[in-house]
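Here is my note on the model you asked me to look over. I have kept to the pockets and to the ligand contacts.

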Amino acid sequence: MDDRMFRAAMGKFATGVTVITSELDGDVHGMTANAFMSVSLDPKLILISVDEKARMKEVINQSGKFTVNILSGEQKEMSMIFAGQIKEDRDVEFETFEGLPVIENSLVSLACDVYQTQDAGDHTLFIGEVLNLNVQDGEPLAFYEGKYKQMT
Ligand code: FAD
Ligand code: NAD
C-alpha cells in the first residue's frame with residue numbers, strides 16, 4: 001500500500017484542527033495538528049501524535065508541557081501559519097494560561113503536563129494530563145479530504 005492511498009483513506013475521517021503550543025527558554029513554538037483525541041476521564045488525559053521530524057517533538061520533550069488549542073472556524077489562518085502553509089513569517093500574539101502560551105480566541109485551550117510518551121513508527125504519541133482548560137462558544141474549523149471546511 002502506498003503512502004498516498006493511506007493518506008487519502010485517513011483523510012476520509014473528518015476532524016477538527018488544533019494548534020499545539022509549547023515554550024522552551026522563552027521561545028514559543030506552535031504546530032498545527034489534527035491527530036488529537038480524548039483518552040481518560042480519571043485522570044483527565046488527552047493524546048497528540050507528533051512526527052519524529054517535527055521541531056515540536058524536541059520542544060515538548062524538553063519542556064514537559066504543552067497546550068492544545070482547538071481552532072474555531074475563524075482561525076483557518078492560524079492553522080495555515082502553524083502548518084507552514086503561509087511562507088512569510090507572521091507575528092502571532094499569545095496569551096498566557098496556567099503559565100503556558102495559548103492562541104487567543106480558540107474554542108478550547110487545554111494546558112497539559114506530559115503524562116506518558118510512546119514512540120510509534122515515525123511519530124511520537126504524547127499523552128497529556130489536563131491541568132486546566134478554557135472554553136469559548138463558536139463553530140469549529142474542520143479538516144476533511146486534505147481541505148479545510150466550515151461547519152456552517
Ligand atoms: P515548523 O515547521 O518549524 O513550524 C511550523 C510553522 O509554525 C512554521 O511556519 C513556523 O514559522 C510557525 N511558527 C512556529 N512558532 C511560531 C511563533 N511563535 N510565531 C509565529 N509562527 C510560528 N503534523 C504532526 O506531526 N501531527 C499532526 O497531527 C499533524 N496534523 C496536521 C493537520 C493539518 C490540518 C495540517 C495542515 C498539518 C498537520 N501536521 C501534523 C503537519 C504539521 O503541522 C507541519 O508539518 C508543521 O510544519 C510541523 O511543525 P514543526 O514543529 O516541525 O515546526
Ligand atoms: P493529507 O491529505 O496528507 O492528510 C489526510 C490525512 O492523512 C490526515 O488527516 C492524517 O490523518 C493523515 N496523514 C497525513 N500525513 C500523515 C503523516 N505524515 N503521518 C500520519 N498520518 C498522516 O493532507 P494535507 O493537506 O496534504 O496535509 C498537509 C501536510 O500536513 C502534509 O505534509 C501532511 O503529511 C501533514 N499532516 C500530517 C499529519 C500527521 O503527521 N499526523 C496529519 C495531517 C497532515
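The points below take the pockets and one of the ligands in turn.

1. Please keep in mind throughout that this is a predicted model, and that every value given here is computed from it.

2. The largest pocket has a volume of about 1,400 Å³. It is lined by 30 residues, of which Arg7, Asn34, Ala35, His123 and Phe143 are the closest to its centre. By class, this lining divides into 15 nonpolar, 9 polar and 6 charged residues.

3. Several elements give two or more residues to the lining of the largest pocket, namely helix H1 (3-10) together with the strands S3 (27-33), S4 (36-40), S5 (45-51) and S11 (141-144). Among these contributors, H1 gives the most, with 5 residues.

4. What occupies the largest pocket? The space is taken by ligand 2, and the residues that surround this ligand are Arg7, Met10, Gly11, Asn34, His123, Phe143 and Gly146. Divided by class, the shell around ligand 2 holds 2 nonpolar, 4 polar and 1 charged residues. Arg7, Asn34, His123 and Phe143, which belong to this shell, were also listed among the residues closest to the centre of the pocket.

5. Three polar contacts with ligand 2 deserve a look in the viewer, and each involves an oxygen atom of the ligand. In the side chain of His123, an N or O atom is 2.6 Å from such an oxygen, while a polar side-chain atom of Arg7 lies 2.7 Å from an oxygen atom of the ligand. Gly146 takes part through its backbone, where an N or O atom lies 3.4 Å from a ligand oxygen. As for how far the ligand is covered, ligand 2 taken alone exposes 650 Å², and the protein buries 57% of that area.

6. The second largest pocket holds about 220 Å³ of space, and its lining consists of Asp27, Val28, His29, Gly30, Met31, Arg55, Ile81, Phe82 and Phe94. By class, these residues comprise 5 nonpolar, 2 polar and 2 charged.

7. Which elements supply at least two residues each to the lining of the second largest pocket? They are S3 and helix H3 (76-82), and S3 gives the most, with 5 residues. Strand S3 therefore merits attention when the two pockets are viewed together, since S3 is also one of the elements that give two or more residues to the lining of the largest pocket.

Methods
Residues are numbered from 1 along each chain as its sequence is written. Chains are lettered from A and ligands numbered from 1 in the order in which they are written. This is a predicted model: local features need pLDDT of at least 70, side-chain atom pairs count only at pLDDT 80 or more; totals for chains, interfaces and linings use all residues. Side-chain values use heavy atoms; hydrogens and water are left out. On a 1 Å grid over the protein atoms alone, a cavity is a set of points where a 1.4 Å probe fits but cannot get out, and a pocket is an open set with protein on both sides within 12 Å along at least five of seven lines; lining residues have an atom within 4 Å of a point. Grid points are joined across faces, edges and corners, and a volume is the space filled by probe spheres set on the points. Helices (H or I, at least four residues) and strands (E, at least two) are DSSP runs, numbered from the N terminus. Ala, Val, Leu, Ile, Met, Phe, Trp, Tyr, Cys and Pro count as nonpolar, Asp, Glu, Lys and Arg as charged, and the others, Gly among them, as polar. A residue is near a molecule or strand if one of its heavy atoms lies within 4 Å of it. A polar contact is a pair of N or O atoms within 3.5 Å; within protein, one must be able to donate a hydrogen and the other to accept it, and residues adjacent in sequence count only if both atoms are side-chain atoms. Accessible areas come from the Shrake-Rupley method with a 1.4 Å probe; for residues, only the protein chains shown count as cover. A molecule sits in a cavity or pocket if more than half of its atoms lie within 2 Å of its grid points.
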